[in-house]
Amino acid sequence: MQNTTQKALSTRIGRRSFLKMAAVASAFGATSAFASGNVTRAATKEEVKNPFPGSKLVKTICTSCSVGCGVIAEVQNGVWVRQEVAQDHPVSLGGHCCKGADMIDMVRSEIRNKHPMVKENGEWKRISWDSALDRISKKLEDLRKTSGPDSTMFLGSAKFNNEQAYYFRKFAAMYGTNNIDHQARI
Amino acid sequence: MANTWGYGAMTNSLNDIQNAKAIIIFGANPAVNHPVGFRHLLVAKERNNAQIIVVDPRFTRTAAHADLYAQIRPGTDIAFMYGMLNIIFKNGWENKEFINDRVYGMDDIRKEAAKWTPERVSDVTGVSTQKLIQITNAYARQTPGTLLWAMGLTQHTIGSSNTRIAPILQLALGNMGVEGGGCNILRGHDNVQGATDMCCLSHTLPGYYGLSDGSWKYFAKSWGVDYNWLKGRFKAKEWMNKKGFTLARWYAGVLAGKAGEDKIHNAGTNLKALVVLGNGITSIDQQAKVKEALDNLELIVIADPFVNEAVVLTDKKDDVFLLPAASQFETSGCVTATNRSAQWRSQVIEPLYESKTDQDLMFELAKRLGFYKEFTKGMLMKENKKSFKWPEDATDEFARIIKTIGFTGWTSKRLKNHQKNWDKFDHVSLMGYGPMKGEYYGLPWPCWTETHSGSPVLYDINRSVKEGGMGFRNRFGLMHDGVDLLAGKGSAPKDSANPDGYPEITAKNIEKVLGITLSASEKKRIGKNWKVDTSNIIAQKCMERGMAPYGNAKARANVWTFPDRIPMHREPLHSPRQDLVKEYPTYKDKPNHYRVDTRYASEQDKEDWSKKFPINLITGRLVNMNGAGVETRSSKYLAKLSPEMFCDINPGLAANHDIKNGDMMWIHSPSDTKIKVKARFTYSVAEDRVFLPMHFAGYFQGEDRSAHYPKGHKPYAVGESANTVTNYGYDIVTQLPETKGGLCRIEKA
């Protein structure tokens, strides 16, 4: 069954639009209008039961607040397709608030930053990572030489994971300053 | 808190609140900010008939669940808690044995509390004497009782005293170190506890090691770099030991030198570059100053999954870099929940678009700045490897180094195993069963060894150290003013080889204090003391003897190193009660407070602020939003629930200003700033105060800044930032901003 679906996925229409259509088709029944065109086809029996065949469930943790609710993310072909509460998580016990339930939409939000940008003469301009990193580090190194490392302020985040937070502190130390902070101070 | 008993962290857990027989909440709103955690409180209410008591300037949704509610005037929590202590001592409800054996300095508290009669408390706090007595009666006579707080208690000029008086109240009642008791700080963001433990902080190295030479040398060695190289990276050695600027006041580092700005002490330079990774700096106090600072920087680098609205606030035209950061679902690592337990967060998908993870961004910069090798070497050292694997080798690196808060047991392997088996833990105690038996979920720190259970309840002497028990930390010396600071006779954790108090363990005293003899090889390998003993011999031996590496001492109610040795009520800088300012004045101005001179008395005495600004201003969160709000405002669904910025106002107050429900209104601050927001009528605020949600940005003092968003990246909801009008004022110890006790003036727009 999975093979059939995989084959269907690789036909001429895009995977996402196919899934949408398959979902519509299964919700309303495979009407002739949907089934007869070249655009789409009826959902298979398996797809009616599970619209994301071959998907994986990933256990992870909500990024909203410090309760740390369990999140079950369903991933198919590298796409986060569905989110479910973690019924068996010992703290959240199947609970989610509206923010937690929105994690999947936050990640997939259309208005995310998509590529490096720089403001030049008051206008936003798209640049490459290499160019951004080269320009930033050149400027930082210049300032370090002319004004000293304490001319830079590093602001980290309570949204880091522990490894990143630890490495950000180390970064400031090796840059040569104690001008580093984040949101919480007590 | 750390200055009271050793560690500054939630002492119990959300699940443990199910054991409470009484619950009191100061300046926290878990029904809105921690909705899923809040259900554990409701279980306590249902199962144990626990009374929920809420003390808050605003009738919050948490207050709506409460049995008792006191609408306190902002910034008067100390007066309120002394009022409770006054009644407790008068009636003999304190736990005398606990105080005698485990607390230093309670007599000083007793003296101060005697001054806070119910009548006086009522005058200062605005809470009736009957309500105070009723609340004290309900809370003090039911044990165990748990005390919760959040930013409503900490974000004040006296925040660091607030966070001491609350522990003192719990110590007086003997509510510490017991299931169902404790001081339970509710952290905001998902990894406030973890990022704080890792010390993205200007006054200390990871694990709260501080900035002393000894600490730098320990870290240089543990990172595998030459101490002299590290020292050479700084302008001069002295700047390694000096605390840096904080998030609350970095702007002063840019603006210093301009007329009217506070003076700075920053290695002879102003701040010229700002590097921000995932920090919503539009939710910080004094937005007008933040804007001016941003405008005056030479370089702004911001990495965020969404547009960090700092770039919308600034008019800077060049050298503003906005980099696409991956979200936490596009990388993996561990995150520390509010109760000190670690959870492994698995990667869900690859970074979307061109976004990069924060670590990759740091690695790329380190390469270009020439210290990549030094930067990453710590990950290779444990197993002497050629290349590292992120994040596992980073987890194992800090587990290897950080002893102070007991991270030794937090290996990536164990944390992953906890995630895999998260269904195998008890819902109240969080103790594991089946293959997880003997371990608490998430190995709440301190987790002393690679087989330790984790510590679910701090300072609990009813369980053995091996099972997470411990006394208070010996952190403040052995004696003070002739009084023994070690714990009293018979108050050691269960199964302790030493039944009494004992000092923190060093290589020098280990044989004597533990009553053991070390082998020659152990003597050779052991570190100088438990905090730097990478051999972990001290922790191992301590486990065998049932003793905590950090000692067994008394908690202290008197912190002799603080400006106020015991917590004292002091009026906010901008107080609506000028009559009380004379009686309870603020501190003297503080020079060089995290590199910047900070005004206290001179600001408070400048004028009678209450004449022009008669209304109290409080801020807080909404259930559908988080932090500076850009993440949640970038969700269509969440944004729709609160599509625009508003001000909660009592209809009575509004009527006096001819403001109708839904009208636009101006709010003016003592810093001569203003915001234009929509009035929302509610009786949840009294007539002398207004409430603002803190999640908006995109407008500035009436001006729509939408044009400054890069095209296609504007969130679905924008609005004025509450922090444009929150008042000047900073905690005397930590420099947290005063966002919860300021003043304002309102008018119809």
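1. Two strands are taken here as paired if DSSP finds at least two bridges between them, and the pairings in this predicted model are read on that basis. In chain B, strand β17 (residues 615-620) is joined to strand β25 (residues 742-748) by three bridges, with the two strands running antiparallel. Within this pairing, B:L617 is placed opposite B:G742 of β25(B).

2. Strand β25 of chain B also takes part in a second antiparallel pairing, in which four bridges connect β25(B) to strand β19 (residues 664-668) of chain B. Here B:I667 has B:I746, in β25(B), as its bridge partner. The strand β25(B) is therefore bridged both to β17(B) and to β19(B), a pairing being counted from at least two bridges.

3. Strand pairing also links the two chains, since four bridges join strand β6 (residues 152-155) of chain A to strand β7 (residues 273-277) of chain B, and this pair runs parallel. In this case A:L155 stands opposite B:V276, which belongs to β7(B).

4. The contact between chain A and chain B draws on 95 residues of chain A and 133 residues of chain B. On the side of chain A that touches chain B, helix α8(A) gives the most, contributing 12 residues. Sorted by class, that side of chain A comprises 44 nonpolar, 32 polar and 19 charged residues.

5. How far apart are the end C-alpha atoms of helix α8 (residues 162-175) of chain A, and what should its 14 residues span? At 1.5 Å a residue the expected span is 20 Å, and because the end C-alpha atoms are 20 Å apart, the two values agree. The helix α8(A) is also mostly covered, with 14 of its 14 residues buried. Just after α8(A) comes A:G176, which adopts a positive phi of about 105 degrees.

6. As for domains, chain B is divided into domain 1 (2-188), domain 2, which is assembled from two segments (193-203 + 266-420), and domain 3 (607-748). Between the C-alpha centres of domain 1 of chain B and domain 2 of chain B there is a distance of 34 Å. Where these domains meet, eight residues of domain 1 of chain B are in contact with five residues of domain 2 of chain B. By class, the side of domain 1 of chain B that touches domain 2 of chain B consists of five nonpolar, two polar and one charged residues.

Methods
Residues are numbered from 1 along each chain as its sequence is written. Chains are lettered from A and ligands numbered from 1 in the order in which they are written. This is a predicted model: local features need pLDDT of at least 70, side-chain atom pairs count only at pLDDT 80 or more; totals for chains, interfaces and linings use all residues. Domain bounds come from an automatic or database domain assignment. Two residues are in contact if their C-beta atoms, placed from the backbone, lie within 7 Å. Ala, Val, Leu, Ile, Met, Phe, Trp, Tyr, Cys and Pro count as nonpolar, Asp, Glu, Lys and Arg as charged, and the others, Gly among them, as polar. The expected span of a helix is 1.5 Å times one less than its number of residues. A residue is buried if 20 or more other C-beta atoms lie within 10 Å of its own, exposed if 12 or fewer, and partly exposed in between; C-beta atoms are placed from the backbone.
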